Amino acid sequence: MQYLSTRGHPARSQFSEILLGGLAPDGGLYVPVSYPRVTEAELDSWRELSYADLAFEVLRRFATDIPEADIKALVARTYTPEVYCNHRAGEDPAQITPLRLLEHAEGTELQIQALSNGPTLAFKDMAMQLLGNLFEYTLYREGAELNILGATSGDTGSAAEYAMRGKRGVRVFMLSPYQKMSAFQTAQMFSLQDPNVFNIAIKGVFDDCQDMVKAVSNDLDFKARQKIGTVNSINWARVVAQVVYYFKGYLAATTSCSQKVSFTVPSGNFGNICAGHIARMMGLPISKLVVATNENDVLHEFFQTGVYRVRQSAETFHTSSPSMDISKASNFERFVCDLLNGDTGRVRDLFRKVDTQGGFDLSGKPGSDGDEFTRVANFGFVSGKSTHDDRLRTIRDVYARHGLMIDTHTADGVKVAREHLETGIPMIVLETALPTKFNETIREALGKDAERPRGFENIESLPQRFEVMAPDVAAIKRYIAERTGL
Ligand SMILES: *Cc1c(COP(=O)(O)O)cnc(C)c1O
């Protein structure tokens, strides 16, 4: 399997070559030259597979330059009940991403797929844990090392640290805004004592952290010498790892491959639902892919109107589902490439327009950039939006009727999923975090604290290891160089 840029760069690359990188040289995203197809008979034969074996079947079709025996060992090490151990009472830990029937009525049914049983209690662990093992494997094979530099306001940074801790050949330098994360998130990251993990609390806001990462990465000499890399949501291997749980959810919700299911995905950067789109392109019988947004509705607007208009910082709201607070959706370009039938020249023009004019218009109206919005339905995409009041109401309703506490992002998903139910087609909402991560809103909704998985009870009182620094680019460069010795 070869990979190319969504913006038409002539180079073709293998999976291992794009694993450690970010954007393609022309600023595009990497996509496979074609999607591997899974036949109905193959799909049926996967029904009894464990999660790890299913991951092997999906991954070996994309990572064709890694020996199959090695892929098998990597997924077997990653997808275990020991790694994904934070399941709720009554869930089967062997399933890794267990399905739970929430409600059914008049031929419709609503299921929740738990993706948040990993070490940081959010779905990002599903891909990041594999990435950690893949990085260690390829770096060791090449005798190379990598220093990951990132900025985080919560979920991504902790998932990256828990994936890379103790891994040979990898160091993590993670910048976060000093005293601006929740006590729980701070404790999760700063309590790590692994010598290859460096937490740097910056006296500033998240944007200051991100600006520092950009400034360091723009110094190409420093970046090359210090072997700086990133693990952001556009990483292709992360997207592929997420494809697996769509297959798992489908197989768990059906008994025959003549059936269809739909998925609702609480969305921000479009990475999670992009994996659903890829599963569908591979032949998984998905009826609808429902994009659920919060008040930051740039994606909902596109799927309603065909107009993609990124937001300014001042128009980006801080909400109670903060991991979906985005101004633009960094993985969206991958879907647009398919929507335009792989016309990379036009993708390049549209996303240049995003940079220069803040968006594009595929509505087909006079003066628009194209009429492909009429084709969106062929890909199963629909959307909906949920607000703070909707979250509170949904969290209360699900708790009152089913005794289940859901987090704020999953609540956005349940709210929107209920607007798109179809008779005879199970609707699966992806649970993207456990409620204890967003306890403030749980208290507001229910007047009590969220349950905490075992082992997390006193996380705030564990010893913390971190450095406080001013937002000073020269100082962070010095700090990194001193620790890498490069
Ligand atoms: C990252 C995240 C999301 C959004 O996922 P995308 O892949 O960016 O669309 C939703 N919920 C939670 C809890 C997250 O951490």
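This is a short chat about cysteines, packing, a cavity and two backbone angles in a predicted model.

Student: Start with the cysteines. How many disulfides are there in the whole structure?

Tutor: A search of the whole structure gives 0 disulfides.

Student: Why is there no bond between Cys337 and Cys274?

Tutor: The closest cysteine sulfur to that of Cys337 belongs to Cys274, and it is 10 Å away, which is too far for a bond. A disulfide needs the two sulfur atoms within 2.5 Å.

Student: And is Cys337 buried or exposed?

Tutor: Cys337 counts as buried because its relative accessibility is 6%. Cys257 is buried too, at 4%.

Student: OK, packing. Which residues touch the most other members of the largest nonpolar core?

Tutor: Tyr79, Phe247, Phe270 and Phe332 do, in a core of 104 residues. Helix H10, residues 236–253, gives the most to this core, with 13 residues. Another core lies apart from it, with 21 residues, including Val290 and Ile395.

Student: Take Phe270. What is it in contact with, leaving aside neighbours within four places in sequence?

Tutor: Phe270 is in contact with Val291, Leu299, Phe303, Ala329, Asn331, Phe332, Phe335 and Phe381. Of these partners, Phe332 is also among the residues that touch the most other core members.

Student: Next topic, empty space. How many cavities of 30 Å³ or more are there?

Tutor: The count is 1. The largest cavity holds about 40 Å³ of space.

Student: What lines the largest cavity?

Tutor: The lining is made up of Leu59, Ala63, Ile66, Ile71, Leu74, Val75, Leu130 and Leu134. By class that is 8 nonpolar residues, with no polar and no charged ones.

Student: Which helices supply at least two residues of that lining?

Tutor: Helix H4 (68–78) and helix H5 (124–142) each do. H4 has the largest share, 3 residues.

Student: Last thing, the backbone. What is the phi of Ile96?

Tutor: Phi of Ile96 is positive, about 65°, although Ile96 is not a glycine. The residue sits in the loop between H4 and strand S3 (99–105).

Student: Is Ile96 buried or exposed?

Tutor: Ile96 counts as buried, because its relative accessibility is 3%.

Student: And Lys227, where is that?

Tutor: Lys227 is in the loop between helix H9 (220–225) and strand S8 (228–229). Its phi is near 50°, again a positive value in a residue other than glycine. At 35% relative accessibility, Lys227 counts as partly exposed, whereas Ile96 is buried.

Note on methods. Residues are numbered from 1 along each chain as its sequence is written. This is a predicted model: local features need pLDDT of at least 70, side-chain atom pairs count only at pLDDT 80 or more; totals for chains, interfaces and linings use all residues. Side-chain values use heavy atoms; hydrogens and water are left out. Buried means under 20% relative accessible area, exposed over 50%, partly exposed in between (1.4 Å probe, protein chains only). On a 1 Å grid over the protein atoms alone, a cavity is a set of points where a 1.4 Å probe fits but cannot get out, and a pocket is an open set with protein on both sides within 12 Å along at least five of seven lines; lining residues have an atom within 4 Å of a point. Grid points are joined across faces, edges and corners, and a volume is the space filled by probe spheres set on the points. Helices (H or I, at least four residues) and strands (E, at least two) are DSSP runs, numbered from the N terminus. Ala, Val, Leu, Ile, Met, Phe, Trp, Tyr, Cys and Pro count as nonpolar, Asp, Glu, Lys and Arg as charged, and the others, Gly among them, as polar. A nonpolar core is a set of buried Ala, Val, Leu, Ile, Met, Phe, Trp, Tyr and Cys residues joined through side-chain atoms within 4.5 Å. Contact means heavy atoms within 4.5 Å.
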